Amino acid sequence: MADPVIQVNQLGKKYLLRHQQTQPYIALRDVITNGAKSIARRVLYPRRSHTKPTREEFWALQDVSFDVQPGDRVGIIGRNGAGKSTLLKLLSRITEPTTGQIRLTGRVASLLEVGTGFHPELTGRENIYLNGAILGMSKVEIKRKFDEIVTFAEVEKFLDTPVKHYSSGMYVRLAFAVAAHLEPEILIVDEVLAVGDAAFQKKCLGKMEDVSKSGKTLLFVSHQMGMVSQLCNQALWLEKGKIVQQGEPQSVITAYLKHGFFNQQNSVVRSAAITNQKSIFIAAAKTLNSLGQPATEFGHIEPIYLHIHCVIQQIKADVLIGVAVKDRLGRKVFTSQTAISPHINTFRAKNLVATMAIPANFLTPGQYFFLISLHIPKVEVLDELDEICEFAIADVGSEFSMYEGLDYGCVFANCQWNLDMLQE
Amino acid sequence: MPPSSPPRLIIEAGRTERQYWQDLWRYRELFYFLSWRDILVRYKQTAIGIVWALIRPLLTMIVFTIVFSNLAKLPSGGVPYPILVFAAMLPWQFFANALSECSNSLIVNSNLIAKVYFPRLIIPISAVIVSFVDFLISGMILLGLMVMYNFVPSWRIVTLPLFTLLAFAAAMGVGLWLAALNVQYRDFRYIVPFIVQFGLYISPVGFSSSIVPEQWRLLYSLNPMVGVIDGFRWAILGSSTSIYWAGFLLSIALVTSILASGIWYFRRMERTFADVI
């Protein structure tokens, strides 16, 4: 195996958090109050830590080590604030690490934001040159690729219009087109493909696949699991500045999604005050994964369990428990119900636990929540909870992953297709 | 331009990159593009465009001539007063513009600094280059004035590039200090206009530095622009002006040390610009 193109060793990045100060920069007044001695010290040794009660250390990245082989496509996943962007910034030399070392072999180009350095007053043509130069292309190189960039961005007609008059779609297309024509050995891309329409997204993905096929190395941050599983052959999961898992994307993504219990929002617990007079009520509800752990994020290939705890204060006949799943627009996707009265079998037991399983490969990626009700049909609603236990389904590599973020329906339907060629 | 063997790079805390100056060379076109952008953008949506670069120094020169020559009746040593003023106005305006542009340049380009890597020195240098273009444009006014007053410069005019270089170094040195400090302490945003305004009166722009009493000349030369302006007058006006060499050498030493320390301070601060800005 060839030598790794990226070797990261014990990498760490520390930030100093300043409290009670809204500006990110330091006001000279604070410095002056610290006395002339400290001014000199601060101006001359700004990177030495000054012990001040208003400051707190924060490690955005800590002890991160990994290797990337040439031609690898590495997807970096993790929640907001996990350190993904900091890692990319260190790799692209925008900021300096506090500890550790990075060894890079080859020319690095990074695309952390679409259209960095675009100037609204300049025309499309002028911005292509400017942006190309900022990203490290030479004038000759830009000239050679100019037509290709323009065709890719589909902005031929507006080349001599200032980009401030561009639609946001055109702007993004142009910006990505310039970056996509960089020819580095290592390409670092932050979540920039979440913009643009579906057709263009697909084009960008295609371009990135081309890049990796030509033996180049790609590092890619995304929240869209479908994209990561489609594009990458390696995944790296960061959490609170540390690597939790790395390896084959499917297993890393699945593990990442299972790790949902940090969030307690998925459960509902009701206080006695509201429920005192009710004859039967829902005391708590939460969503669980197949391991029985509370979770709010699921892969589309995982079943989802809704765990409902009811308290029965007074026995009634013909009570049903009904659960509706609603999508983020509030439309009901489906409703499911079961009779609970037959299960109430003793006088003493007051607590009933019901678990509903939503099958795997059923709901499409997106946000959903529940409506749970206890009722006697056509007679009485005994208790009802709406908009609770929100959960998310992520695409971990379905056939529709290329449409991620688009509405292609709420359920995966396993339909029979029959195709025949008609004979003339 | 694929290199024969791929470049290797090691990123570590506090490592002074050997490749920095190579990178500066590799990104040399960015100097051009950033300056070109600023010049292009400056006169977009203005009716008379680049003419503004001529009008501003011209009007200032007229006001100074009226105030210092016609009202204050200061001596000019036999040179037409407008030329005397303009020979100083040229480097002063260059210095003042370059200083303000340079000290603000990092803040204005903070989005670039936070999102892309390139040697940060490019930003303040191209800000000075933009002011240099203005300097060349207003140089045409000087030519116009010489034709108008039928003024023929002596051989000394060929030394003008040297003094221009000195002006460049002075603007660059002070500008680098202020630019780097401005990232940390935005207070310098308010200090710079003050320096520029104040400097116009304490530098020999509206008058000849020969009116400064002899015993104060060396002290007066602590202002690096005194040396630059005297040099400009010496080169342009010819034999009618003399240069105070002790003061001039002091200015050169001062400018050199400010520039060297400016680069040093900038280099040591630039690694954390992206975190602080």
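In this predicted model, the contact between the two chains draws on 49 residues of chain B and 52 residues of chain A. Put together, chain B and chain A bury about 4,700 Å² between them, and 60% of that area sits on carbon and sulfur atoms. Three residues stand out on the chain B side: B:Ile11, B:Lys115 and B:Tyr185 account for 15% of the area that chain B buries against chain A, more than any other three residues.

As for polar links, the count across the interface comes to 3 salt bridges. One of the pairs joined by a salt bridge is B:Asp23 with A:Arg93, whose closest N and O atoms lie 3.1 Å apart. Polar contacts between chain B and chain A add up to 6 residue pairs, counting those where both residues are at pLDDT 80 or more. The side of chain B that touches chain A is pieced together from several elements, with at least two residues each from β1 (8-12), α1 (20-26), α2 (28-42), α5 (110-115), α7 (160-184), α11 (245-269) and α12 (273-276). Of these, α2(B) gives the most, with 9 residues. By residue type, this side of chain B splits into 27 nonpolar, 5 polar and 17 charged.

The two chains also share strand pairing. Strand β4 of chain A (residues 99-105) runs antiparallel to β1(B), and the two are joined over 5 bridges. Within this pairing, A:Gln101 has B:Glu12 as its bridge partner.

Chain A has a strand pair of its own to look at, too. Here β14 (residues 320-327) and β15 (residues 332-339) pair in the antiparallel sense over 7 bridges, with A:Leu320 standing opposite A:Ala339. The two strands make up a hairpin with 4 residues between them. In the turn, A:Gly330 has a positive phi of about 90°.

How far does the predictor trust chain B? Its mean pLDDT is 85, and 95% of its residues reach 70 or more. Confidence in chain B bottoms out in β1(B), at a mean of 78, and peaks in α7(B), at 92. That low point falls on the strand that pairs with β4 of chain A. As a rule of thumb, predicted coordinates should not be read in detail where pLDDT is low. For the complex, the predictor gives an ipTM of 0.81 and a pTM of 0.72.

Technical notes
Residues are numbered from 1 along each chain as its sequence is written. Chains are lettered from A and ligands numbered from 1 in the order in which they are written. This is a predicted model: local features need pLDDT of at least 70, side-chain atom pairs count only at pLDDT 80 or more; totals for chains, interfaces and linings use all residues. Side-chain values use heavy atoms; hydrogens and water are left out. Contact means heavy atoms within 4.5 Å. Buried area is the accessible area (1.4 Å probe) that two parts lose on being put together, summed over both. A salt bridge is a side-chain nitrogen of Lys or Arg within 4 Å of a carboxyl oxygen of Asp or Glu. A polar contact is a pair of N or O atoms within 3.5 Å; within protein, one must be able to donate a hydrogen and the other to accept it, and residues adjacent in sequence count only if both atoms are side-chain atoms. Ala, Val, Leu, Ile, Met, Phe, Trp, Tyr, Cys and Pro count as nonpolar, Asp, Glu, Lys and Arg as charged, and the others, Gly among them, as polar. Two strands pair if DSSP finds at least two bridges between them. pLDDT is the predictor's confidence in each residue, from 0 to 100.
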